[in-house]
Amino acid sequence: MEKFDKKSIDQQVRDGLPFKHRWHNRFHLEMPMGLINDPNGMTCLDGVYHIFYQWNPFGAVHKNKSWAHTTTRDFIHYSTPELGMNPTDIHDKDGCYSGCGLVENGEVRVLYTCNMKDENNVRIPAQRFGTLVDGYVRKDAIIVEKNPEGITGHFRDPNLFYDHDRRYFVLGAQRENQTGTVLIYREEDNGNWSLMGDLKTQLANFGYMWECPGLVRFDSKDILIFCPQGLDAEEFKYQNLYQAGYIVGNLSLDAMEMLHGEFQELDQGFDFYAPQVFSQSRRKILLGWMGMPDKDSEYPTGEVTDAVPWRYSLTMPRELSLKQGHIYSKPARELENLRLQKIDIDADRTSRIDSKLFEGTEIDLNIKFASARKISLALDYDGEIAKFEYDLSTQIFTIDREGMKLGGRGQRRFKIFADDSIKLQIFVDKTAIEIFVQDGEEAASLFVFPEKDSIPKMILTSDSDLQRVTGKIWELDSFKFE
Ligand code: FRU
């Protein structure tokens, strides 16, 4: 176990802010050093959102899994992130893995997976509560000591939910036959937690492991979010190494079964995994990890040099809504407060629009096609190009990073309906880009690593005249840490 000196780790983070490196994002949460992954412990107390996330403060590799902690009231001003929890004893010596947050008796608590490997390298994962005291998690009782019979050591990521005033949690797991599943535990009247079993779905053979489950309720519908590993890629689906998505339906705890529709992905881009949701009555705000396990070599950050000793970001907060069995995600409205100056776009009968962009940019466009069938919106970083294309005649949206030199390249393609117009909202941070198409019907995230410290230009072109393009391009401010 590394020696975790909270004081000096917290000081290093303070010294590293605000970010100056050309690849450090300005309105995405990230760290000056180390590797971050899953958002954890997301909960809200007295108007303050608590955000934890997986963090290795000692290097940009998947090791020393600890939790970072920050708070915000408005998703713009954040407390300077600190070390919130780290391995301290035999139970979590191999990592404080992912878990959820909750408020109990006016305190912020967490429920997380203690990762422990025995002398034969066999995982013995336990589930344990903790309580946030002065910015650091005090570890409380272990409530599940190990994986139950029939389940391998891949048994992690508890996420609480409530039903008829009783507490339950879902947990990601792998069956001994190497299939993924979700288990449900229930809190009994005597305070013990008992296993109800694994949740029956119509996805009995859907990957070898399900990570990071969460149950979210929208009025009369239940949504199970989870991250299946081991699905084969299809032309318009499952194009990432691992997936992050959901099923919508109704969960019966009596039958331990969920009747549901098709598994749908939450993001169509390259870099999105392990999301969690703040559920406050009707408002559901999602944060995801901008990154992907087992793909570190695609990212030029995190080479353990002094120049870029960090890896990965969290997504911007996304507000979810459910329409006809499909989740729409939009940037949380608080992000409008990042807007500074703007450029108005209003062009008739055109097949090309050029615009300068800013250090941080939001592009909001409504594009009416007329005779044009194909549009291409390119971000031009001194000749390196990332582009977003839509073809009305095939209804295919393409994200294309082939024109970038460093980092992951490749394309992502997905189908989305457009009749005679398409709406694009694109957030361009230093390396993180998030796009929202047709008012959030689909979202996509990706990283680009321009070689030079350049502010991109936007070039929108079409294969013939567009009827009209309207919208705005906003300069965006940075997150503030205090
Ligand atoms: C998902 C995940 C979780 C685990 C955590 C460890 O990215 O593998 O299943 O708890 O990361 O960092």
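Author: Before we start, a handy term: a residue is buried under 20% relative accessible area, exposed over 50%, and partly exposed in between, using a 1.4 Å probe and protein chains only. This is a predicted model, where local features need pLDDT of at least 70, side-chain atom pairs count only at pLDDT 80 or more, and totals for chains, interfaces and linings use all residues. Residues are numbered from 1 along each chain as its sequence is written, and side-chain values use heavy atoms, with hydrogens and water left out.

Reader: Thanks! So is Cys44 buried or exposed?

Author: Neither, in fact: Cys44 is partly exposed, at 24% relative accessibility.

Reader: And Cys96, buried or exposed?

Author: Cys96 is buried, at 0%.

Reader: How many disulfides are there in the whole structure?

Author: Zero, counting a disulfide as a pair of cysteine sulfur atoms within 2.5 Å.

Reader: Why does Cys44 have no bond?

Author: Because its closest cysteine sulfur, in Cys100, is 15 Å away, which is too far. For Cys96 the closest one is in Cys114, at 6.8 Å, also too far for a bond.

Reader: New topic! Which side chains have an N or O atom by an oxygen atom of the ligand?

Author: Arg156 has one 2.8 Å from a ligand oxygen, and Glu211 has a polar side-chain atom 2.9 Å from a ligand oxygen.

Reader: What about the backbone of Ser98?

Author: A polar backbone atom of Ser98 is 3.0 Å from an oxygen of the ligand.

Conventions
Polar contact = N/O pair within 3.5 Å; in protein donor to acceptor, adjacent residues only side chain to side chain.
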